[in-house]
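User: I'm new to reading protein models. Can we go through this one together, a question at a time?

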Amino acid sequence: MILERSNRIIACAEVASADSLAPQVRIYVINLDRSPERWERLRGQAAQYGLSVTRIPAIDGSKIPERDRIDFQPRQFIYHNGRKLLAGEYGCYRSHLLALQQFVASGDKMAIIMEDDVELNHRLIPRALAAMDSVCGARLVKLVNHRLVGFKPISETAECDIVGRCLHGPQGSAACYIVNRQAAKKLLVALRPMLLPYDVALERGWSTGVETFATLENLADFSPFRADTTIGKRVHYRAVKRHFLLRATAHWFRACDQLRRWIYTVKAKPQSMIGGAER
């Protein structure tokens, strides 16, 4: 037991520095033109930690008329969610797809995609890469989650983080995740048309065909801008909800989806460290 703990401490101490790992992965930051202060804050943090960040000009959903929304079917969205779509949700969805498209076009092997209300830190890239190395396949690891209910550990990373899946969801938030090129290509196909909010759709690995995981602890913190959401507040969501009885299709979909999530998580087998796994 003492020897095992000693080896674990050594392994965690010998991980590469952020400077040596930074060139392996680019960070894409989704930022609205009307939120320059958020971008400036992140750009300053990137300079401080020696990280490479690329700004993705976010799509402002409020400026796109409903008739001009592409890859979107209003009736199908209501069927799956029991409410109408918020303009901010549409903008968020299209912005993340834009980030995935730019990542794939870059030719890079991996990318961290994040929203502009998340803080950067000097250990983000090493910990994110270690999380990816600890699991197999065309994969995505969510680095920030609002809730983890029924978390099932699958692997432990070289950075001593725990990676796994949740028996219950949605987990909330698409604020920060790492994805490899193969998975990004799959997502660009599987996430069209828009049937669910992006954060909900992203974690449905049983549907997208992408091996999807989450870290037990958030690898990044939210910034003070988190409270000032650009998507919608509770009052906005309540305003577009249908009557309880008219949401029967959404309740049925969620029940079935919860069963699929449970099966997806239970079937996941614990994995040993795979430091040499293809990224």
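User: Is Asp71 buried, partly exposed or exposed?

Analyst: Keep in mind that this is a predicted model. Buried means under 20% relative accessible area and exposed means over 50%. Asp71 has 33% relative accessibility, so Asp71 counts as partly exposed.

User: Which residue does Asp71 meet in a salt bridge at 3.0 Å, N to O?

Analyst: Look for the partner in the loop between helix 7 (181-190) and helix 8 (198-202), while Asp71 sits in the loop between strand 2 (53-57) and helix 4 (74-81). The two are 121 residues apart, so the pair links distant parts of the chain. The partner is partly exposed, at 28% relative accessibility. The side chain that meets Asp71 at 3.0 Å belongs to Arg192.

User: Which residue is linked with Asp71 and Arg192 in a network of salt bridges?

Analyst: Asp71 and Arg192 already meet in a salt bridge. The network has one more name in it, and that is Arg94.

User: How many residues apart in sequence are Arg26 and Asp108?

Analyst: The side chains of these two meet in a salt bridge (3.2 Å, N to O). Arg26 lies in strand 1 (residues 26-31) and Asp108 in the loop between helix 5 (87-106) and strand 3 (110-115), so the pair ties together separate parts of the sequence. Arg26 is partly exposed at 30%, and Asp108 is partly exposed too, at 22%. Their separation in sequence is 82 residues.

User: Is Glu159 buried or exposed?

Analyst: Glu159 forms a salt bridge with Arg123, with the closest N and O atoms 2.5 Å apart. Its relative accessible area is 14%. The cut-off for buried is under 20%, so Glu159 is buried.

User: How many salt bridges turn up in the whole structure?

Analyst: We've met a few, including Arg26 with Asp108 and Arg123 with Glu159. A search of the whole structure gives a total of 16.

User: Which element supplies the largest share of the largest nonpolar core?

Analyst: This core has 36 residues, and Leu100 and Leu187 are among those that touch the most other members. Strand 1, helix 5, strand 3, strand 7 (176-180), helix 7 and helix 8 each supply at least two of its residues. The largest share is eight residues, and it comes from helix 5.

User: How many residues are in the other core?

Analyst: This one lies apart from the largest core, and among its members are Val25, Leu42, Met114 and Val135. The number of residues in it is 32.

Definitions and conventions
Residues are numbered from 1 along each chain as its sequence is written. This is a predicted model: local features need pLDDT of at least 70, side-chain atom pairs count only at pLDDT 80 or more; totals for chains, interfaces and linings use all residues. Side-chain values use heavy atoms; hydrogens and water are left out. A salt bridge is a side-chain nitrogen of Lys or Arg within 4 Å of a carboxyl oxygen of Asp or Glu. Helices (H or I, at least four residues) and strands (E, at least two) are DSSP runs, numbered from the N terminus. Buried means under 20% relative accessible area, exposed over 50%, partly exposed in between (1.4 Å probe, protein chains only). A nonpolar core is a set of buried Ala, Val, Leu, Ile, Met, Phe, Trp, Tyr and Cys residues joined through side-chain atoms within 4.5 Å.
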